[in-house]
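Colleague: I would like to learn how to read a model like this one. Could we start with the charges and then move on to the fold?

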Amino acid sequence: MAITNTFRSQLQIVLEDGLDEKGNMKFKNKNFNNVKTEATADQLFAVANVLHPLQQRKLSGIERNDSSLILGA
C-alpha cells in the first residue's frame, strides 16, 4: 500500500486584475511559501482574510498548493 508524505505547502491568494481586451477577467496570484504542512483549511482561510485588506485588488479565491512524495510501503 502506498502512502503520501507532504513536504511543502503554499498559500495562494487569487486577486482580480481587471479585464483583458476581450472582456474576460484577468487574475493575479500572491504566493506565500513555507506554510506549515499541518496548517488546517480554517487557519489558511483566516490568514488569507487578514492579508487581503493589505492588497489593492479584489479577492477572487484562496488556494492551497501541496507537494507530496508518494512512497511504497
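Modeller: Start with the charged side chains, keeping in mind that this is a predicted model. The protein chain carries 9 positive and 8 negative side chains. The centres of these two sets are 5 Å apart.

Colleague: How many helices and strands does the protein chain have, and in what order do they run?

Modeller: There is one helix, and there are three strands. Read from the N terminus, the order is β-β-α-β.

Colleague: Why is the protein chain described as more spread out than a compact globule?

Modeller: One compares the radius of gyration with the value from the globule rule. For 73 residues the rule gives 11 Å, whereas the protein chain comes to 16 Å, well over that value, so it is more spread out than a compact globule. Its C-alpha trace spans about 50 × 30 × 15 Å along the principal axes.

Colleague: What share of the residues is buried?

Modeller: A residue counts as buried when its relative accessible area is under 20%. By that cut-off, 15% of the 73 residues are buried. The exposed surface of the protein chain is about 5600 Å², with 51% of it supplied by carbon and sulfur atoms.

Colleague: Which contacts join residues at least 24 apart in sequence, as a percentage?

Modeller: Take the contacts between residues at least 6 apart in sequence; 64% of these join residues at least 24 apart.

Colleague: What does UniProt list for residues 7-70?

Modeller: An unreviewed UniProt entry gives that span as "domain: DUF1659". In the model, residues 7-70 are 17% helix and 52% strand. The end C-alpha atoms of the span lie 11 Å apart.

Notes:
Residues are numbered from 1 along each chain as its sequence is written. This is a predicted model: local features need pLDDT of at least 70, side-chain atom pairs count only at pLDDT 80 or more; totals for chains, interfaces and linings use all residues. Side-chain values use heavy atoms; hydrogens and water are left out. Helices (H or I, at least four residues) and strands (E, at least two) are DSSP runs, numbered from the N terminus. The radius of gyration is taken over C-alpha atoms; the globule rule is 2.2 Å times the number of residues to the power 0.38. Buried means under 20% relative accessible area, exposed over 50%, partly exposed in between (1.4 Å probe, protein chains only). Contact means heavy atoms within 4.5 Å. Accessible areas come from the Shrake-Rupley method with a 1.4 Å probe; for residues, only the protein chains shown count as cover. Lys and Arg count as positive and Asp and Glu as negative; His and the chain ends are not counted. The place of a charge is taken as NZ of Lys, CZ of Arg, CG of Asp or CD of Glu. UniProt positions are given in the numbering used here, feature names are shortened, and annotations may be inferred rather than shown by experiment.
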